[in-house]
Amino acid sequence: MKFSSSQQEVISVRNKNILVSAAAGSGKTTVLVERIINLIINENENIDNFLIVTFTNAAASGMKQKIQKSLVKAVKKNDNKDHLRQQLNMLNKANISTIHSFCIDVVRKNFHVIGIDPNFRIGDVNEVDILLNESIDDVLESAYTKKPEGFIRLVESFTSNRGDAELNEIIKDVYKFTLSFPDPLNWLENSVEMLNMSEDDLENSVWLKAVRENAKLLLDGSDEALSLAMRLCQESDGPYTYLEAITEDVKNTNDLQLMLERDIREFSQHLHNIAFPTLKSLRGKGKDEINTEKQEDVKSLREEYKKVIANLKKIIPQRSFSEFADDIRYMYLPMQALYNIICELHENFKMKKIEKSIADFNDVEHYALEVLRQPEISETYKNKFKYIFIDEYQDSNSL
């Protein structure tokens with residue numbers, strides 16, 4: 001196969017971490033295999049020094065077949081036959097698997113570190129889901145009995161008169177999402193504590209940062225639309241009488257962009273005072289010379305600008321920072337109650353699985369992390385693997 005210059009660069013580059021981004025079907029996996037083969041043939045690397053992570057078991061099997069096929073071809077052509085035959089012999093034991101298969105292997109070999117049954121099995125999806133629902137019922141029953149601080153507000157905020165099915169789903173969704181982080185309960189606790197804020201805290205909060213980023217994107221789009229509208233108005237057959245209104249719109253957009261960076265309170269005040277000047281009618285002899293398509297395009301582009309302003313007013317209602325901070329702080333107690341429920345759920349669910357000697361995929365990821373955080377074990381794996389290849393890297397999370 002002939003490789004492009006950028007593909008060849010991926011195959012040949014050494015002594016650095018690389019991230020390869022390309023469209024679906026463009027040959028990323030083929031290039032990855034070629035890079036592996038290249039290291040084995042040209043640099044005498046051993047395949048058991050590689051950790052190769054794929055997204056599915058089928059992909060892992062396919063990867064092994066491709067590497068095997070390439071090695072067989074290389075044996076026929078290459079002088080270094082002994083080394084290549086050795087690699088073929090080691091291929092079945094090579095670490096080419098899904099991330100979960102790798103984690104399971106790490107946990108089974110080091111089960112004593114985390115104190116679990118080495119003969120644990122991966123639970124069936126339905127079986128695990130039943131245990132999770134039972135655990136949610138257990139912790140909710142306990143909470144309804146004890147009524148801890150904030151719990152009643154949590155129930156009132158997220159349940160209807162017909163039961164607490166919505167709250168059950170929220171607990172389940174938050175719990176599953178939380179498990180995608182390396183230290184899930186710490187992450188959740190820190191996230192909840194962010195709600196306990198003052199008006200001054202709001203200034204530098206993640207919420208205001210997100211609002212600013214969203215507003216900037218909208219205003220940048222508006223600026224592009226209005227700039228095009230202005231150019232159309234200035235063309236010889238453009239709707240020249242609309243230029244005055246469009247110019248004022250551009251000024252308002254530019255002012256908002258500056259205020260957004262400088263002072264969001266000033267931005268909010270100006271935003272809610274914006275008016276849209278009327279487009280002046282086209283009259284007289286010049287009216288017949290105007291291109292009607294350009295006239296409609298300018299109107300359409302201006303409507304885009306108006307929609308942006310309307311959206312921004314929804315994102316940032318005309319309220320004080322103190323009121324915004326009060327709203328966020330109001331959720332602190334119920335979210336603290338949710339955090340406590342999820343902590344109890346985590347322990348309850350974990351014990352149910354341990355009793356049955358089962359684990360789910362989240363468990364094996366966290367168990368593997370716990371094992372690999374042991375300095376001696378970490379050092380062993382660090383010395384074992386010289387290269388790590390991850391196919392479909394975009395599907396991995398921070399854990």
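Rings of Phe, Tyr and Trp (for Trp, the six-membered ring) count as a pair when their centres lie within 6.5 Å, and the planes make the pair stacked if under 30 degrees apart, edge-to-face if over 60 and tilted for the rest. By that rule there are 13 aromatic pairs here.

Before you start clicking: this is a predicted model, in which local features need pLDDT of at least 70, side-chain atom pairs count only at pLDDT 80 or more, and totals for chains, interfaces and linings use all residues. Residues are numbered from 1 along each chain as its sequence is written, and side-chain values use heavy atoms, with hydrogens and water left out.

**Stop 1: the ring cluster**

Select F50 and F389. Their ring centres are 5.6 Å apart and the planes stand at 70 degrees, so this pair is edge-to-face. F50 belongs to strand β1 (residues 50–54) and F389 to strand β5 (residues 387–390), so the rings tie together parts that are 339 residues apart in sequence. Strands here are DSSP runs of E, at least two residues long, and helices are runs of H or I, at least four, numbered from the N terminus.

Are these two buried or exposed? F50 has 0% relative accessibility and F389 has a relative accessible area of 7%, so both count as buried (buried is under 20% relative accessible area, exposed over 50%, partly exposed in between, with a 1.4 Å probe and protein chains only).

Now add Y387. Y387 and F389 form a stacked pair, 6.1 Å centre to centre with 20 degrees between the planes. Y387 is buried, like F389. Ring pairs join F50, Y387 and F389 into a cluster.

**Stop 2: salt bridges**

Switch to the charged side chains. A salt bridge here is a side-chain nitrogen of Lys or Arg within 4 Å of a carboxyl oxygen of Asp or Glu, and the structure has 22 of them.

Pick D183 and R373 for one of these, with N to O at 3.0 Å. D183 is in the loop between α9 (165–178) and α10 (184–193), and R373 is in the loop between α18 (361–372) and α19 (375–384), so the bridge ties together parts 190 residues apart in sequence. Both ends are partly exposed: D183 at 35% relative accessibility, R373 at 47%.

Next, select E244 and K280. Their side chains meet in a salt bridge at 2.8 Å, N to O. This pair also links distant parts of the chain, with E244 in helix α13 (residues 243–262), K280 in the loop between α14 and α15 (292–315), and their positions 36 residues apart. E244 is exposed, at 52% relative accessible area, while K280 is partly exposed, at 46%.

**Stop 3: R265 and its partners**

Centre the view on R265. This arginine forms a salt bridge with E199, the closest N and O atoms being 3.1 Å apart. R265 sits in helix α14 (residues 264–273) and E199 in helix α11 (residues 199–203), 66 residues apart. Add E203 to the selection, and you have a network of salt bridges linking E199, E203 and R265. R265 is partly exposed at 33% relative accessibility, and E199 is partly exposed at 31%.

Which ring does R265 lie over? Show F321: R265 is over its face, 4.1 Å from the ring centre. (A charge sits over a ring if NZ of Lys or CZ of Arg is within 6 Å of the ring centre and within 35 degrees of the ring normal.) For another example, jump to R108, whose charged end sits over the ring of F120, 4.3 Å from its centre.

**Stop 4: helix α14**

Back to α14. Colour I264, F267, S268, L271 and H272, the buried residues of this helix. They cover an arc of only 120 degrees around the axis (taken from the directions from the helix axis to the C-beta atoms), which puts them on the same side of α14. An α-helix has 3.6 residues a turn, so residues three or four places apart point the same way.

Rotate to the face turned away from the buried side, and there are the exposed residues Q269 and N273. What covers the buried residues of α14? The cover includes α12 (206–234), α13, α15 and α16 (321–330), where contact means heavy atoms within 4.5 Å.

**Stop 5: R302**

Finish in helix α15, with R302. R302 counts as buried, at 3% relative accessibility. Leaving aside neighbours within four places in sequence, show what R302 is in contact with: A245, I246, D249, F276, P277 and L279.
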